[in-house]
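Me: Got a model I'd like to go through with you, contacts and all. Can you take my questions one by one?

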There are 2 protein chains.
Amino acid sequence: MKLEVLLKGDHQTTQNQIIAKLRDLINLKNLEPGDKLPSERMLSEKFEVSRSNIREAIQLLEFYGLLKSKPQSGTFVADIGQVAMNGMIDDILALGDPDFRALVETRILFELKTVRLAAQRRSEADLESIKNALEAYKEKVLNCENAVQEDLLFHLAIAKASGNSTMNTFMLMITPKIITDFEKYHVCDKGQAQKGITEHQEIFEAIQKQDTQLAKEKMKIHFGALYQYCYNTKE
Amino acid sequence: MKLEVLLKGDHQTTQNQIIAKLRDLINLKNLEPGDKLPSERMLSEKFEVSRSNIREAIQLLEFYGLLKSKPQSGTFVADIGQVAMNGMIDDILALGDPDFRALVETRILFELKTVRLAAQRRSEADLESIKNALEAYKEKVLNCENAVQEDLLFHLAIAKASGNSTMNTFMLMITPKIITDFEKYHVCDKGQAQKGITEHQEIFEAIQKQDTQLAKEKMKIHFGALYQYCYNTKE
DNA sequence: TTTAAAAAATTGGTTAACCAATCTGGTCAG
DNA sequence: CTGACCAGATTGGTTAACCAATTTTTTAAA
């Protein structure tokens with residue numbers, strides 16, 4: 001009986017095996033930055049897996065910047081030495097699914113930074129779209145409807161206004177995972193709702209005034225409850 | 001003549017077009033969380049693109065947590081409402097390649113946090129692997145060899161010790177991109193090298209002592225030069 | 001009418017054949 | 001001897017056929 005299937009999906013397992021084999025191959029053949037990997041066909045034959053599996057593994061390593069495949073030419077190891085290559089692949093193989101605490105922790109770190117950057121760099125257009133998101137949020141809340149989505153979009157608008165595409169991307173990656181864990185949200189406590197609106201409003205105004213310190217403070221307050229909530233209920 | 005090809009690769013372009021069409025379809029058909037998308041075959045026919053293109057687009061949206069495809073069953077929209085779905089897809093389509101400033105900015109944010117978390121949570125095993133990375137780094141530097149890789153692995157070991165898998169993953173994503181932009185590193189200035197060793201050593205000791213504040217301070221010092229360097233030379 | 005079993009259709013995943021761009025080695029004109 | 005050029009092999013990417021699991025429909029027995 002396959003033991004490895006119990007925890008992770010079969011797919012992920014074979015994927016990781018291929019990645020490990022690729023690492024070993026790079027070590028064995030002493031491939032250095034810029035060198036060419038064997039062709040996908042050869043690899044699929046050598047590893048006894050389908051070519052699409054090979055392609056998928058290469059794509060993942062390419063996503064992490066460790067490989068670079070050029071059409072009709074070959075797949076090449078990036079400008080990263082063997083030591084780093086080994087270390088990084090080992091880390092990638094050891095990666096587990098992110099737990100909820102890690103997600104929230106990361107989100108708070110990001111939000112406290114992006115709100116400062118947004119206050120500092122926001123254009124008029126940024127301000128406009130944040131305001132729109134805020135209005136949409138208000139309307140939903142006042143109608144006592146579930147406003148999780150509008151809440152989310154408000155925060156993403158801030159991330160976009162931060163002018164840092166990397167943080168923006170990462171925010172996009174983690175937010176839906178958090179949201180889906182949070183659908184328990186829909187309680188229409190009038191006081192709580194009004195509090196949410198006020199906090200969002202204050203964050204917006206701080207960004208508008210370009211007061212970075214105030215923006216950070218207001219965001220901290222806004223997350224205070226969430227922070228407590230998560231650490232108390234989850235694990 | 002195709003204008004859109006000038007900036008981005010053809011591949012990325014068609015990919016984005018498919019994603020936009022998927023968004024429009026979800027809006028048109030009024031698909032709600034949990035609803036099933038048309039099959040890949042139908043989509044490829046309807047959009048007049050190959051099925052592999054469709055699959056790739058779906059995989060990307062799945063990566064961002066917006067879709068979920070079940071084998072032999074279908075692809076479903078995640079537990080995210082239409083408003084959020086639209087907003088997020090628009091953001092994803094607007095994503096550009098990260099610039100160097102954004103990368104460095106994000107890295108510094110991460111490192112200042114992970115070093116604190118590492119100081120707080122590191123196990124003995126974590127400490128051991130950080131120490132090993134430090135020793136490897138020292139040896140290379142003292143031999144006046146290029147130690148960029150060992151430098152990198154030291155920082156990744158700290159990220160791993162932070163106990164936050166999300167931040168660890170993100171660090172893995174951005175680090176190689178930074179490294180490749182930094183191969184200009186290989187100057188053997190004895191003073192500079194000794195400084196690097198000292199800084200790393202001090203960070204390690206702070207983590208060992210579990211002094212979170214000190215760890216953060218030492219990391220800040222370590223990045224001081226880099227920060228200046230990047231902002232002065234690049235754009 | 002109800003329900004359970006079975007068969008037909010549909011699905012995402014996998015495999016194999018195919019394509020056009022690229023690289024390689026040799027050839028031949030100068 | 002040099003360099004431009006051409007043919008064949010090699011490459012990642014694309015397309016189409018196939019598979020096994022799942023879902024839906026049909027059917028027949030209670």
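Reply: Sure. A quick term to start with: a residue is near a strand if one of its heavy atoms lies within 4 Å of it. Keep in mind that this is a predicted model.

Me: How many residues surround DNA strand D?

Reply: Both protein chains show up among the closest ones: Arg41(A), Arg51(A), Arg55(A) and Gln72(A), plus Ser50(B). Of the strand D atoms that come within 4 Å of the protein, sugar and phosphate make up 53%. The surrounding residues number 18.

Me: Which residue has a polar side-chain atom 2.3 Å from a base oxygen of DNA strand D?

Reply: Arg55(A) has a side-chain N or O atom 2.3 Å from an oxygen too, but that one belongs to a phosphate. For Gln72(B), a polar backbone atom sits 3.5 Å from a sugar or linking oxygen. The base oxygen is paired with Arg51(A).

Me: What is the area buried between chain A and chain B?

Reply: Each chain puts 51 residues into the contact. Carbon and sulfur atoms give 66% of the buried area, and the total is about 4,300 Å².

Me: Which element gives the largest share of the side of chain A that touches chain B?

Reply: There are 16 residue pairs in polar contact between the two chains. On chain A's side, α4 (82–94), α5 (100–121), α7 (148–161) and α8 (165–180) each supply at least two residues. The largest share is 13 residues, and it comes from α8(A).

Me: How many salt bridges are there between chain A and chain B?

Reply: Arg121(A) forms one with Glu105(B), where the closest N and O atoms are 2.5 Å apart. The full count between the chains is four.

Terms used:
Residues are numbered from 1 along each chain as its sequence is written. Chains are lettered from A and ligands numbered from 1 in the order in which they are written. This is a predicted model: local features need pLDDT of at least 70, side-chain atom pairs count only at pLDDT 80 or more; totals for chains, interfaces and linings use all residues. Side-chain values use heavy atoms; hydrogens and water are left out. A polar contact is a pair of N or O atoms within 3.5 Å; within protein, one must be able to donate a hydrogen and the other to accept it, and residues adjacent in sequence count only if both atoms are side-chain atoms. Contact means heavy atoms within 4.5 Å. Buried area is the accessible area (1.4 Å probe) that two parts lose on being put together, summed over both. A salt bridge is a side-chain nitrogen of Lys or Arg within 4 Å of a carboxyl oxygen of Asp or Glu. Helices (H or I, at least four residues) and strands (E, at least two) are DSSP runs, numbered from the N terminus.
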